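Student: Hi! Could you walk me through a structure today? I'm still new to this, so plain words please.

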Amino acid sequence: MNKLRTLRSRLLLWVSAPLLTLWIISTLVDHEVAKGFVNLNYDRALLDTALDLGRNVRESNAQLYLDLPQPVIEMLISGEQGRFFYRANGPRGEYISGDPDLPDPPPGSSTDRVVYYDSTYRGRPVRAVAVRVPVRPGSGKGALLIQVAERANIRGESARQIMFRMMIPQGILVLLATLAVWFGVGIGLRALTSVRREIASRSHVDLSPIDEKGVPSELQPLIAAMNDLLSRLSAALAAQQRFIADAAHQLRTPVAAIKTQTELAARQVRDDEARAALQHLHTAADHAARLVSQLLTMARAEPGSHRSVLREPVELSELARQTTREWVPRALTRSVDLGFDDQSVAATVSADPFQIRELLNNLIDNAICYTPAGGHVTVRVVIDDRAAMLEVEDNGRGIPENEREKVFERFYRIPGGSPEGCGLGLAIVREIAQGHGATPVISAGAGGHGTRVTVSFPLLR
Amino acid sequence: MRLLIVEDHPILADGLINALKGADYAVDHAATGEEADHMLATQNYDAVILDIGLPKLDGYEVLRRMRRKGSKTPVLMLTARDALEDRVKGLDLGADDYLTKPYDLPELEARVRALIRRGQSGGGASLVHGDLTLDTAGRRATIKGAPLDLSARELGVLEVLMLRTGRVVSKEQLAEQLYGWGEEVGANAIEVYVHRLRKKLEAAGVTVRTIRGLGYLLERPAHE
């Protein structure tokens, strides 16, 4: 049944099944037609034989007898294997010559004319003709009754042979038609390949309509329906993202209010315990703020956002340097030494510069967050033959090998890790990287300590 | 010093007012764009902290009206949006600085101080960094009033660092600044100037950090 899922087997079934049926019906019809022809011709030959016999009846001393030439006799009298049987009767029904027990024509049939009939002779089916021939035309001496019978199986054999000869070329035609469908479908479906390629080469964030140009008109309704779905999907996703973005924006003001008020309170309070509590409150508000920013970034990086497929040549090294520079003040507040590797090389990739900046923001933010005071975080860009690799390395406590895949999941926390978790940081990194045909990979940092996240982008040539 | 805070969220506004009053500013508050527009028309301010997302008359419109009337009062825009387009729009309309919510209070206070200083000096005659003062016109630096012995190039480096306090300054930026005075300066020379400058500033508790692969950063004074 599974095979019927392909268009080719369906078409093949729907073309070959009726053709086969037609072939069988046509063969049966052919057989009937052939039988008719064979009967007509054999009956005529039978009649000729009977008339020939009638012409050879002689009269001698008022006695009728059959004067047959030797070859005719040999033809007629061939015993058990003989094809023909005959009997000649006189005008009064007296026996003249031939097989006396040859069956009579069916009763009631008029004998003034030629009568064909089927019967059985010596236990086998025969076809016979009975004809009345005048003893001598115009003599008024009445008519002879000549009967000639022939084995019926000869006719069946002939009809079958004719049928077979017609059946074979027709069968070949059916086979050729089937083959034509098989290959024709393959050739016809090549038009789908270009559409398939276009869809396959798309990034998952690209929900723009599929190009209908060059597509056969039969496929156009399908493409149109697909494009309609894409546009509805895109609208739905955009609406969802607008909601997330609006919600995130709305959250920012109250979070700002909490932060401002707690900081203010911490300044005014003299009690150390109360100050510590306020400090915790402030830290929590910071996490909330970070999460809100990440939600916004996520909403922008996901499919359906209006700027999700911007691609332009981006010099990765310069962008990384600028972005790292912006994070230095933040790193200093946590006593983390954030730096940029001087050995980084220029590498141009095709990307959305805003998203790559966000990707790096999240990598650096994450590294700073997981590196204890006094630790180092280094950003670098290295290249090989095919790829430009953006790396962020820290000498923090590292991520165990079995956790390295999971940390890219949203809100995943390493067991026993910091209570604030990664939030959406690495999920955003993965989302943006995938949108650019890149995959982030986590390994250990230099000397097996800490964490190194590498994102490889295909080099632009 | 008189400041106007335009912010519709009452608790945030209250926090800002108290923080800035605590820093000895006179603070007025407007909760709507119309109110802000009216107050700006009747009172002179040294700086305005302006939220973009206001009901009816938004922050952009308040700023547009201010600048149309020829007001040069420095404006710090606050926004819940961090999209680059929004930032550019604010700066194009004549905002002097920009902060995304939620911000750290010290950061906001530092930006407000910088804004007021810029507004007062009208091009900046002197830069202040804790006990350190740089007179850019007279080309001399003092610590608690006592003159600091700095070469012209060291002064040049210090000026760039002070103008970007708390932010990274690359060697290229420093070289460019010195080159502007008609001298070609290599990266090695910059390292030497920074090294000397750092030693001379140490006594005043002013720290110039080296940021790996990126350049230098003048740390914010601890008590600010």
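Tutor: Happy to; we'll go through how the chains meet, then the cores, the strands and a few backbone details. One thing to keep in mind is that this is a predicted model.

Student: Okay, how many residues does each chain put into the contact?

Tutor: Chain A brings 23 residues and chain B brings 22 residues.

Student: And which elements of chain A give two or more residues to that side?

Tutor: They are helix 5 (220-268), helix 7 (316-333) and strand 9 (337-340) of chain A. Helix 5 of chain A gives the most, with 11 residues.

Student: What kinds of residues are on the side of chain A that touches chain B?

Tutor: A mix: 9 are nonpolar, 6 are polar and 8 are charged.

Student: Let's stay with helix 5 of chain A. How does it cross helix 1 of chain B?

Tutor: People describe two packed helices by the angle between their axes and the distance between the axes. Here the axes of helix 5 of chain A and helix 1 (residues 10-22) of chain B come within 8 Å and cross at roughly 35°. The crossing of these two helices is left-handed.

Student: Which residues meet there?

Tutor: From helix 5 of chain A you have Thr253(A), Ala256(A), Ala257(A), Thr260(A), Gln261(A) and Leu264(A). From helix 1 of chain B you have Ile11(B), Leu12(B), Gly15(B), Leu16(B), Asn18(B) and Ala19(B). In this helix-to-helix contact, 7 residues are nonpolar, 5 are polar and none is charged.

Student: I also clicked on Ser231(A). Where does that one sit?

Tutor: Ser231(A) is part of helix 5 of chain A too. Ser231(A) and Ser208(A) are 23 residues apart in sequence, and their C-alpha atoms are 7.4 Å apart in space.

Student: Why does Ser231(A) count as partly exposed?

Tutor: Because Ser231(A) has 13 C-beta neighbours inside 10 Å. A residue is called exposed at 12 or fewer and buried at 20 or more, so partly exposed covers what lies in between.

Student: Switching topic: what's chain B made of?

Tutor: Chain B has 8 helices and 12 strands. Of its 224 residues, 33% are buried. If you take the contacts in chain B with a separation of 6 or more, 55% join residues 24 or more positions apart.

Student: What about the largest nonpolar core, and which residues have the most contacts inside it?

Tutor: That core has 111 residues, and Val6(B) and Ile49(B) have the most contacts inside it. Its largest share, 9 residues, comes from helix 8 (residues 353-370) of chain A. As background, nonpolar side chains tend to be buried together in soluble globular proteins.

Student: What does Val6(B) touch?

Tutor: Leaving out residues up to four places away in sequence, its contacts include Ala30(B), Val48(B), Ile49(B), Leu50(B) and Val62(B). Asp51(B) and Gly59(B) are also among them.

Student: Now strands! What is the order in the open sheet of 3 strands in chain B?

Tutor: The order is 10-12-11, with antiparallel pairing. Strand 10 (168-169) and strand 11 (208-211) of chain B are the edge strands, each pairing on one side only. Strand 11 of chain B pairs with strand 12 (residues 215-218) of chain B over 4 bridges, and Thr210(B) stands opposite Tyr216(B).

Student: How do strands 13 and 14 of chain A pair?

Tutor: Strand 13 (residues 440-444) and strand 14 (residues 451-458) of chain A are antiparallel, over 5 bridges. Ser443(A) stands opposite Arg452(A). This hairpin has 6 residues between the strands, and Gly447(A) takes a positive phi near 70°.

Student: Which residue other than glycine has a positive phi near 50°?

Tutor: That's Arg122(A), in the loop between strand 5 (115-121) and strand 6 (124-134) of chain A. Ser335(A) also has a positive phi, of about 55°, and is in the loop between helix 7 and strand 9 of chain A. Most residues other than glycine have a negative phi, and most peptide bonds are trans.

Student: Is Ser335(A) buried or exposed?

Tutor: Ser335(A) counts as exposed because 11 C-beta neighbours lie inside 10 Å. Arg122(A) is exposed as well, with 12 other C-beta atoms within 10 Å.

Student: Last one: where is the peptide bond that is cis?

Tutor: The bond runs from Lys101(B) to Pro102(B), with omega near -10°. Pro102(B) is in the loop between strand 5 (97-100) and helix 5 (105-121) of chain B.

Technical notes: Residues numbered from 1 in each chain as written. Chains lettered and ligands numbered in written order. Predicted model: local features only at pLDDT ≥ 70, side-chain atom pairs only at ≥ 80, totals over all residues. Contact = placed C-beta atoms within 7 Å. Nonpolar A, V, L, I, M, F, W, Y, C, P; charged D, E, K, R; others polar. Pairing = 2+ DSSP bridges. Core = buried A, V, L, I, M, F, W, Y, C linked by C-beta atoms within 7 Å. Axes fitted to C-alpha atoms, helices over the stretch in contact; angles between N-to-C directions. Left-handed = near helix turned anticlockwise from the far one by under 90°.
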